[in-house]
Amino acid sequence: MMGPLNGIRVLTVENFISAPLATMWLADAGADVVKVEIPGVGDSSRGVQPSRERDGDHRSLSFMRANRNKRSIELDLKGDADRERFDQLLQSADIFIENLRPSALAGLRLTYDDVKKVNPSIIYGAISGFGLPEFNSGDMPYQPALDVVAQAMGGLMYRPEGADKAPVYPGFPLADIFASANLQSAIYQALFHRERTGEGACIDISMLDGVVAFNELALIMRSALEQDASPGMHGLAAPFGSLPTRDGHIVVAVLGEAVWERFTAAMNKPEITQLPQFASGVLRHQHLAELEEHIHDWIDDLTTEQALEQLAAHGVPAGPVLSMDQVLELDNLHERGMIVTMDDPVWGPTRMAGNPLHSSLMEKIPMSPAPHLGADSADILADWIHEADDAR
């Protein structure tokens, strides 16, 4: 199947997760994504454990998860011959993406100005901790940052349950993944803009910006109400979160008074809607201990299935809390292609997350495993700049 980005060429100098996820999603959509890697070294995630070996081939699980459907070329950007090839590839590219340390870009001649001189209509996409130096004042753009740094500086580590005692890392690379999603979104904007005007664009994605966008409720509560959102809870609604059942846990999302009335009806406690301490989500949040007594009177003797049936009958948003084993077996995710099986040459058949964008243009996403280091060098040079093997 020809994806919606068939014919779009993406050249990327990337490491770890943030940019690689974005370029993988573009590759899923049919773009020809060429990953430029340091000879003999490659993307830093190739060396991250755990890894496996088969017939002398080492494969990192971390590299697998963000590099399917791409091609790899080894180029030494500090060497004259490979730099010339890189610039020729750049001239043929529609999009250039990088997530290197901003302080390293000038030395590698990979700033927006450098790249634009080679290809004036290029769409340039950058992910960094705090934004590109040429568009942001001060020293922050030069500071090294990984996901956890952005989460910490955006206030997110005071949001998980238990963070009233000490900051808590939630355990997943939210800043990386949201930066990838933001970059992908901005690239589609830029492609549409270039289609109409012929102009390229510079996309400057900051991981810290994305964390603040994620944390917007806590931010506006602090600003407007001078209150801190309670760790692990929705600051403007209650009940909102997990509840224990007889055999597991469910979550409920009681946001707004209409849902509150339906929730009390599901508990067969409509009379508590008249209590003044439960008159709004904020008040219910403030009197949560008393509210939980009413909830436990209702739910403690119910199984997860029984509780969800009663809530569904009254139109209350709710669902089971699933383990990862249960997530991996969820039929809906398999039907939607959100859990896919990749037949990796070293790891064998491995289930991994699919592409979260679903449309009639993305009905059959191709699946090729993450590339071996430099495996496609000859083909890429032949396809993009018509350089034959005997010319090298």
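## Core packing around Val-10 in a predicted model

In this predicted model, Val-10 is in contact, beyond its neighbours within four places in sequence, with Thr-23, Leu-26, Ala-31, Asp-32, Val-33, Val-34, Ile-95, Ile-97 and Trp-384. Apart from the largest nonpolar core, which has 30 residues, lies another core of 26 residues, including Leu-90, Leu-100, Leu-108 and Ile-385.

Val-10 is itself among the residues with the most contacts inside the largest nonpolar core, together with Ile-95, Ile-97, Leu-183, Ile-187 and Ile-203. Six elements, tabulated below, each supply at least two residues of this core.

| Element | Residue range |
|---|---|
| α1 | 18–28 |
| β6 | 95–98 |
| β7 | 123–128 |
| α7 | 174–197 |
| β8 | 201–206 |
| α8 | 207–214 |

The largest share of the core, eight residues, comes from α7. In soluble globular proteins, nonpolar side chains tend to be buried together.

The remaining values describe the chain as a whole. Its secondary structure comprises 16 helices and 13 strands, and the C-alpha trace spans about 85 × 50 × 40 Å along its principal axes. Of the 392 residues, 46% count as buried. Where contacts join residues at least 6 apart in sequence, 67% of them link residues at least 24 apart.

At the surface, the chain exposes about 19,600 Å², of which carbon and sulfur atoms supply 53%. The chain carries 30 positive and 56 negative charges, and the mean positions of these two sets are 4 Å apart.

Terms used: Residues are numbered from 1 along each chain as its sequence is written. This is a predicted model: local features need pLDDT of at least 70, side-chain atom pairs count only at pLDDT 80 or more; totals for chains, interfaces and linings use all residues. Side-chain values use heavy atoms; hydrogens and water are left out. A nonpolar core is a set of buried Ala, Val, Leu, Ile, Met, Phe, Trp, Tyr and Cys residues joined through side-chain atoms within 4.5 Å. Buried means under 20% relative accessible area, exposed over 50%, partly exposed in between (1.4 Å probe, protein chains only). Helices (H or I, at least four residues) and strands (E, at least two) are DSSP runs, numbered from the N terminus. Contact means heavy atoms within 4.5 Å. Accessible areas come from the Shrake-Rupley method with a 1.4 Å probe; for residues, only the protein chains shown count as cover. Lys and Arg count as positive and Asp and Glu as negative; His and the chain ends are not counted. The place of a charge is taken as NZ of Lys, CZ of Arg, CG of Asp or CD of Glu.
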